[in-house]
Amino acid sequence: MPTDAQIAGGHKANLNNPNTSKESKDNSQKILNNEFNGGDVPKASDTKDKNPGNVAGGLKATMKNPNVSDEAKKSAEERLNNM
């Protein structure tokens, strides 16, 4: 079952999609305005805690990724050490 954030996200994506019709965009805007406070809904991550193991794994991956800046690697290391 999709969350409100996912449904609103789909309508927001439709508004920015150059391949959708004006009628479709108008419908998405109407739904966002009437049912989702203009699209201002909490994100999925706002409503529940993150898995600490997954967070740590992501930070470790950031530290080893050659495409990540040294500044980002240092930030990831500091966040990991503070967990």
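The paragraphs below lead through a predicted model of a protein, going from its overall form to individual residues.

The protein is built from five helices and has zero strands, so that, read from the N terminus, its elements follow the order α-α-α-α-α. Its overall dimensions can be described in two ways. The C-alpha trace extends over about 50 × 30 × 20 Å along the principal axes, and the radius of gyration is 19 Å, whereas a compact globule of 83 residues would be expected near 12 Å. With regard to burial, 16% of the 83 residues count as buried. The accessible surface amounts to about 6500 Å², and carbon and sulfur atoms contribute 47% of that area. Among the contacts with a separation of 6 or more, 34% are between residues that stand 24 or more positions apart. As for charge, the protein carries 12 positive and 11 negative side chains, and the centres of these two sets are 4 Å apart.

A walk along the chain may begin in helix 1, where Asn14 is located. Is Asn14 buried or exposed? Asn14 counts as buried because its relative accessibility is 12%, which is under the 20% limit used for that class. Beyond its neighbours within four places in sequence, Asn14 makes contact with Thr20, Ser24, Lys25 and Ser28. For one of these partners, Lys25, the separation from Asn14 is eleven residues in sequence and 6.3 Å in space, taken from C-alpha to C-alpha.

Between helix 1, which covers 4-16, and helix 2, which covers 22-35, there is a loop, and Pro18 has its place in it. In contrast to the buried Asn14, Pro18 is exposed, because its relative accessible area is 73% and the class of exposed residues begins over 50%. The C-alpha atom of Pro18 is separated by 40 Å from that of Glu77, a residue 59 positions away along the chain.

Which residues form the largest nonpolar core? This core has five members, namely Ala8, Ile31, Leu32, Phe36 and Val41. One of them, Leu32, also shows how its surroundings are made up: with neighbours within four places in sequence left aside, Leu32 is in contact with Ala8, His11, Lys12 and Leu15, and also with Asn37, Gly38 and Gly39.

Asn37, which appears among those contacts of Leu32, sits in the loop between helix 2 and helix 3, the latter spanning 44-47. Asn37 is exposed because its relative accessibility is 56%. Its backbone deserves a closer look, since most residues other than glycine have a negative phi. Asn37, although not a glycine, has a positive phi of about 50°.

The last part of the walk concerns helix 5, made up of residues 70-81, in which Ser75 is found. Ala76 has its place in helix 5 as well. How do Ser75 and Ala76 stand with respect to burial? Ser75 counts as partly exposed because its relative accessibility is 35%, a value that falls between the 20% and 50% limits. Ala76, on the other hand, is buried, because its relative accessible area is 4%. The contacts of Ala76, apart from neighbours within four places in sequence, are with Leu59, Thr62 and Met63.

Two C-alpha separations relate helix 5 residues to parts of the chain that come earlier in the sequence. Ser75 and Gly10 are 65 residues apart along the chain, and their C-alpha atoms are separated by 32 Å. Ala76 and Thr20, in turn, are 56 residues apart in sequence and 39 Å apart in space, C-alpha to C-alpha. These separations may be read alongside the radius of gyration of 19 Å, for which the value of a compact globule would be near 12 Å.

Conventions:
Residues are numbered from 1 along each chain as its sequence is written. This is a predicted model: local features need pLDDT of at least 70, side-chain atom pairs count only at pLDDT 80 or more; totals for chains, interfaces and linings use all residues. Side-chain values use heavy atoms; hydrogens and water are left out. Helices (H or I, at least four residues) and strands (E, at least two) are DSSP runs, numbered from the N terminus. The radius of gyration is taken over C-alpha atoms; the globule rule is 2.2 Å times the number of residues to the power 0.38. Buried means under 20% relative accessible area, exposed over 50%, partly exposed in between (1.4 Å probe, protein chains only). Contact means heavy atoms within 4.5 Å. Accessible areas come from the Shrake-Rupley method with a 1.4 Å probe; for residues, only the protein chains shown count as cover. Lys and Arg count as positive and Asp and Glu as negative; His and the chain ends are not counted. The place of a charge is taken as NZ of Lys, CZ of Arg, CG of Asp or CD of Glu. A nonpolar core is a set of buried Ala, Val, Leu, Ile, Met, Phe, Trp, Tyr and Cys residues joined through side-chain atoms within 4.5 Å.
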